[in-house]
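Please open the model in a viewer and keep the selection tool at hand. The tour proceeds from one selection to the next and describes what is found at each stop.

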Amino acid sequence: MAKSALQTARAAYRPKLPKALKGAVKAVEGEATQSVANQEEIKKLFPNPYGMPVVTFEPTAETACCGPVNVGVILSGGQAPGGHNVISGIFDGIKNLNPASRLYGFILGPGGLVDHHYMELTADIIDEYRNTGGFDIIGSGRTKLEKEEQFEKGYEILKELGIKALVIIGGDDSNTNACVLAEYFAAKKYGIQVIGCPKTIDGDLKNEMIETSFGFDTACKTYSEVIGNIERDCNSARKYWHFIKLMGRSASHIALECALQVQPNICIVSEEVEAKEMSLDDVVETIAKAVAARAARGDNFGTVLVPEGLIEFIPAMKCLIAELNDFLAANAEEFAAVAPDKQRGYIIGQLTPANAAIYESLPEGVARQLTLDRDPHGNVQVSLIETEKLLSEMVGKKLAAWKAEGKYAGKFSAQHHFFGYEGRCAAPSNFDADYCYSLGYTASRLIANGNTGYMSSVRNTTAPADEWIAGGVPITMMMNMERRHGEMKPVIQKALVKLDGAPFKAYAAVRDRWALETAYVYPGPIQYFGPTEVCDQPTKTLQLEHPRG
């Protein structure tokens, strides 16, 4: 396969490892753990892995003889930069313990385990994918492992291949599935360990033991490069407001991190919108005031960062969407019979006054989308709403009204962007290349230590890689009960942006100045070769949450 010059040079990169993993290790166990909430329910659902201690690996002079072990690996959910290095870390780790150990990859996610689609990952295959982005070595998928029939089908192939441990690389849902599988195999005494690895570019899989999910660093640096480029264009042409939507449906970590890197005029944080119970008009007014203030200085240009999931965090929009879902589910045939040009009026006449007023205020395209595009469950597909266009259109209307009242004399012209898939498969930054390799290598040591129901954990990540702390954390420790599809389910608690956390407070302290001034920073492309201060910096979020010294 043809390779770029960067791919060729990058293949030679040797990821850095924590000092503790460079030789023989011993596992040091901490205190017994419990789940973050709903302790009795979680303990009842996961009696085997519940309450296990946190494990930390430390160097030891003793070298234990280790027999060969066959390991399976699954890439689950959306892609994130560094997945290939997790796999190469597992491979090197088990081969280091015994060269006869073998690694099998299940094709296209958890479905590959159930359908018995797999391939052995040998040294020549692994070497092709070291330090590369994407999940294309074995592909990924979103099949949920939740039925006994699936577990048994999976067990069949694991038994046939002599696999003693399975590593599931995924986000919060995938790692919840890993814990369910670990409990099932333990209860059945099948003798198969299950280990998870924390992946998601959204950055919402983190807690005291998992400082960051892999891929977040690279994705944010990728987005920040192009946002910086847009800011420079914006500051050159001086005639457009750029509305930039960024991935992150459940949390605003990406938008906030990119804001800290590029210093835009405005960054909307969904969690703040929800906490302050802001209406859509409140959000629009916030942006419009900044546009007007900059126009008064002669600056008719700027940048606005918008998290993908914003609409779901606006309380009034959430109420409107819920009422629309219920009404259209009950009156689908009647609505379908209404002429397209009369549908908007029909809907306004059926809603409660508060929701009718909000619906009427929406641009035609968005209002239509809310009533037409439903998912298989009959719900609005909010991810399809072009929030960046919705906001710019409403800001434009508000500014036009202010102009008519003599409150605004500037010019407003908008450009729109959505950065999502561009960041999911980028070549991993040095941080992600090192972090992912360490996560995979740590997983191999958890397997050798006999652990199951654990997530690979690498901490102290704002220090040089040599000082990172490797170990494992019980997945049940991160769980609580949440309502999903009408039922209470055990899930890993999502980490949303904390308004009293250091990253948001750092942004809040400077945002008024950024809104008015042109304080843009241009990060440029990810650097892989060169000085440490250029190539090995973790995210601003990590540096603020885990300051050094």
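Select helices α15 and α17, whose crossing is left-handed. In this predicted model, α15 comprises residues 343-350 and α17 comprises residues 364-372. Their axes come within 11 Å and cross at roughly 70 degrees. An angle of 65 to 115 degrees counts as roughly perpendicular, and α15 and α17 are therefore roughly perpendicular to each other. To display the contact, show the side chains of Gln343, Arg344 and Ile347 in α15. On the side of α17, these meet Glu364, Ala367, Arg368, Thr371 and Leu372.

Next, turn to the open sheet, which is formed by nine strands. In what order do the strands of this sheet lie? The order is β1-β2-β13-β12-β7-β6-β3-β4-β5, with mixed pairing. Colour β1 (25-32) and β5 (118-120) to mark the edges, as each of these strands pairs on one side only. On average, neighbouring strands of the sheet are turned by 25 degrees against each other, direction ignored.

Now select strand β13, residues 469-474. Is this strand largely enclosed or largely open? Five of its six residues are buried, so β13 is largely enclosed by the rest of the structure. Strand β2 (residues 53-59) runs antiparallel to β13 and is joined to it by two bridges. Pick Val55 to locate one position of this pairing: its bridge partner in β13 is Gly472. Strand β12 also pairs with β13 in the antiparallel sense, here over six bridges. Within that pairing, select Tyr454 together with its bridge partner in β13, Pro474.

From β12 (residues 454-459), move across to β7 (residues 193-198). These two strands run parallel and are joined by two bridges. Gly196 is a convenient selection here, with Met455 of β12 standing opposite.

Finally, hide the cartoon and inspect the nonpolar cores. In soluble globular proteins, nonpolar side chains tend to be buried together. The largest nonpolar core has 101 residues, and those with the most contacts inside it are Ile87, Val167, Tyr223 and Leu246. Centre the view on Tyr223. Which residues beyond four places in sequence are in contact with Tyr223? Among them are Ile201, Leu246, Met247, Ile254 and Cys258. The list also includes Phe419, Gly420, Glu422, Gly423 and Arg424. A second, separate core has 47 residues; to find it, select Phe243, Met317, Leu328 and Val366, which are included in it.

Definitions and conventions:
Residues numbered from 1 in each chain as written. Predicted model: local features only at pLDDT ≥ 70, side-chain atom pairs only at ≥ 80, totals over all residues. Heavy atoms only, no water. Core = buried A, V, L, I, M, F, W, Y, C linked by side-chain atoms within 4.5 Å. Buried < 20%, exposed > 50% of the residue type's maximum accessible area, 1.4 Å probe, protein only. Contact = heavy atoms within 4.5 Å. Pairing = 2+ DSSP bridges. Helix = DSSP H or I, 4+ residues; strand = E, 2+ residues; numbered from the N terminus. Axes fitted to C-alpha atoms, helices over the stretch in contact; angles between N-to-C directions. Parallel < 35°, antiparallel > 145°, perpendicular 65-115°, else oblique. Left-handed = near helix turned anticlockwise from the far one by under 90°.
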